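Dear colleague,

Please find below the structure for your review. My findings on aromatic pairs, one glutamine side and a helix packing follow after it.

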Amino acid sequence: MTQPSPAPGALPAFLGGAATLARGFGFWARRPRLMAWGLIPAAIVGAVLLAALVTLAVFLTRIVDAVTPFADAWSEPWASIVRFASGTALLGGGVVLAVVSFTALTLIVGEPFYDRIWRAAESVGGATLPQADYGFWRSVRDGVGLVLRGLVAALIAALLGLVPLVGGALGAVTAVTLTGWLLADELTTRALSARGIDARERRRLRRAQRSRVLGFGVATQLCFLVPLGAVITMPAAIAGSTMLARTLLEGTARANADVTP
């Protein structure tokens, strides 16, 4: 029996996933006009969500005071600590929700644009384009699912942000990690679904190479947090996620071949 080849460590796999996003950015050199079209829906959705976040930030103090009336009778510095943690949690949760909503809404609004980018990325090297249909309504359904899961992630990040002293950092790290996974999940869905792979098998593929998927998602999420980063990154994330999906399938195929007698 052939001995299985050793699996890459978690850190190399994580960095490999992040490098896949860099390869997505490299797709600008191949198809610059096509990638530029992908900026349009991202810019529209990004402007709307940015306005919502600015509004939240402007009224954050009032909102925090309204949700922490119990702290009025507390002595300092505890009242300030609780209110600071609450504000951090609310703003962090809002950012998480905005990021996840951005991806879902942009994929829905920009379906025709991103379908063309996906097709171009799939055809690199003369590869055969998968034939299973994805479709607009499938995009809507997946987008709604992403927003709902994003709400859960935002709630978890917000609750962790309430932990005294370390809540801000803990909530931020949790938000980036959870949102990164959700982004990678959603972005790879098109390429995997086009191959006729159902949701259960898609989850299995991602979990089998969890570090690589998380590396791609966290890198994408961090790019989204840079001013205008979400708009610029979105077309590259579509191309990169297509490459990531192929990597997941190739890794599974190699693993299966290694254990074959």
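Please note that this is a predicted model. I begin with a residue of the second aromatic pair described here: F224 has a relative accessibility of 7% and therefore counts as buried, the limit being under 20%.

Aromatic pairs

The structure contains two aromatic pairs. In one of them, the ring centres of W37 and F113 are 6.0 Å apart and the planes meet at 20 degrees, so this pair is stacked. W37 belongs to helix α2 (residues 32-37) and F113 to helix α6 (residues 111-122), and the pair thus links distant parts of the chain, 76 residues apart. Both rings are partly exposed: the relative accessibility is 42% for W37 and 25% for F113.

The other pair is formed by F102 and F224, whose ring centres lie 5.5 Å apart. Their planes are at 80 degrees, so the pair is edge-to-face. F102 is located in helix α5 (residues 78-109) and F224 in helix α10 (residues 210-225), so the pair ties together parts that are 122 residues apart in sequence. Like F224, which is buried, F102 counts as buried, at 4% relative accessibility.

Surroundings of Q221

Helix α10 also holds Q221. Is this residue, Q221, buried or exposed? Its relative accessible area is 2%, so Q221 is buried, as the limit for that class is under 20%. When neighbours within four places in sequence are left aside, Q221 is in contact with V99, A175, V176, T179, G180 and L183.

Packing of α4 and α5

Helix α5, which carries F102, also packs with helix α4 (residues 60-67). The angle between these two helices is about 120 degrees, and their axes are 10 Å apart. The crossing in which α4 passes α5 is right-handed. On the α4 side, the contact is made by L60, I63, V64, D65 and V67. On the α5 side, the residues are R83, S86, G87, L90 and L91. Sorted by class, this contact of α4 with α5 comprises six nonpolar, two polar and two charged residues.

In brief, the model offers a stacked pair of W37 and F113, an edge-to-face pair of F102 and F224, a buried Q221 and a right-handed crossing of α4 and α5.

With kind regards

Conventions
Residues are numbered from 1 along each chain as its sequence is written. This is a predicted model: local features need pLDDT of at least 70, side-chain atom pairs count only at pLDDT 80 or more; totals for chains, interfaces and linings use all residues. Side-chain values use heavy atoms; hydrogens and water are left out. Rings of Phe, Tyr and Trp (its six-membered ring) pair if their centres lie within 6.5 Å; planes under 30 degrees apart count as stacked, over 60 as edge-to-face and the rest as tilted. Helices (H or I, at least four residues) and strands (E, at least two) are DSSP runs, numbered from the N terminus. Buried means under 20% relative accessible area, exposed over 50%, partly exposed in between (1.4 Å probe, protein chains only). Contact means heavy atoms within 4.5 Å. Axes are lines fitted to C-alpha atoms, for helices over the stretch in contact, and angles run from 0 to 180 degrees between N-to-C directions. A crossing is left-handed if the near helix is turned anticlockwise from the far one by less than a right angle, and right-handed if clockwise. Ala, Val, Leu, Ile, Met, Phe, Trp, Tyr, Cys and Pro count as nonpolar, Asp, Glu, Lys and Arg as charged, and the others, Gly among them, as polar.
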